[in-house]
Amino acid sequence: MSIIEQMLLRYEIETENDIINALKEIFQEIALLGLHNGGFFKKAAFYGGTALRILYDLDRFSEDLDFTLLEQNSKFDLEDYFPFIIDEFEALGIEIDLKKKNKTNKSTQIESAFLKNNTQIHSLNINLDSIKSILRNLHNKKSLKIKIEVDINPPIKFHVETKTLLMPRTFNIISMTKENLFAGKMHAVLCRNWKNRVKGRDWYDFEWYIRQQIPVNLIHLQERLYESKHLDNHIILTNELLKKMLYEKIDTLDIDKAKEEVSIFLKNKSGLEYWSKDYFKLLADMVKVIVK
């Protein structure tokens, strides 16, 4: 049995969407191993929804690999680590193509809440022909795409910890702690602007953090709000101000669009029926904070 087949055993696969989500997650883990081999985590930390999923058991799938440097470095280049990622996929008999995406002014404006001008974006394209024997005809596309982003000029004042993954083999990576991951997600909830679209995943994760009783690192969230110009630098972020900002965001939330967007990332969709503006305001009242 191949490593890919072993890793697929962790998933309950019944539909094409199930195997797409499972393969994306497996390929994310292979890419993480490649980055580890290249010494990437001596300089950077894993964060975002995929980190929450892979390292902290968030019960939804995630698409992209998001990283932040531990120290600001405008000369950092993720392409230095491409050979290590490619080597790991080739060792498993999988063809991939890694390309650096040059951001335009237009895309920078669209993604201005998170993807600053100095955020490096790369795409990982995986050819599935080499593993079609284990796909059981559930997946009819020829490739999967995973976006890799590295913030090379991040807001500082966050904390990290070492986490261990066992597949494709045992290795360690550096991740933001859950409190700091929550700060990043809270920034997404408050500031992400998709024009007429809603990222329901942000609100699903927000609910998950509350259920897990994880506090948000107020200092790191404040730094992110300063950097994105969503909070004036002379204003101190307090728990009361945070709840006020959450209420204002919830008042503009399109609940139906949020449910629709997150659904494809969920195996079990139960609980979405409770989503409403009043429900999210109830969750907002339950937010816990730490200051460190």
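**Helix packing and backbone features of the predicted model**

In helix α6, residues Asn180, Ala183, Gly184, Met186, His187 and Cys191 meet His220, Leu221, Arg224 and Leu225 of helix α8, contact being defined as heavy atoms within 4.5 Å. The residues of this contact between α6 and α8 divide into five nonpolar, four polar and one charged. The structure is a predicted model, in which local features need pLDDT of at least 70 and side-chain atom pairs count only at pLDDT 80 or more, whereas totals for chains, interfaces and linings use all residues. Residues are numbered from 1 along each chain as its sequence is written, and side-chain values use heavy atoms, with hydrogens and water left out.

Helix α6 (residues 178–191) and helix α8 (residues 218–227) pack at an angle of about 40°, their axes lying 8 Å apart. The arrangement of α6 is therefore oblique to α8, a class holding the angles that are left once those under 35 degrees (roughly parallel), over 145 (roughly antiparallel) and 65 to 115 (roughly perpendicular) are set aside.

Backbone features were also identified in three loops. The peptide bond from Met167 to Pro168 is cis, with omega near 5°, and Pro168 is placed in the loop between β6 (160–165) and β7 (171–176). Gln213, in the loop between α7 (200–211) and β8 (216–217), has a positive phi of about 55° although it is not a glycine; Gln213 is exposed, with a relative accessible area of 56%, where exposed means over 50% relative accessible area (1.4 Å probe, protein chains only). Lys229, in the loop between α8 and α9 (239–251), likewise is not a glycine but has a positive phi, of about 65°, and Lys229 is exposed with a relative accessible area of 70%.

How values were computed:
Axes are lines fitted to C-alpha atoms, for helices over the stretch in contact, and angles run from 0 to 180 degrees between N-to-C directions. Helices (H or I, at least four residues) and strands (E, at least two) are DSSP runs, numbered from the N terminus. Ala, Val, Leu, Ile, Met, Phe, Trp, Tyr, Cys and Pro count as nonpolar, Asp, Glu, Lys and Arg as charged, and the others, Gly among them, as polar. Buried means under 20% relative accessible area, exposed over 50%, partly exposed in between (1.4 Å probe, protein chains only).
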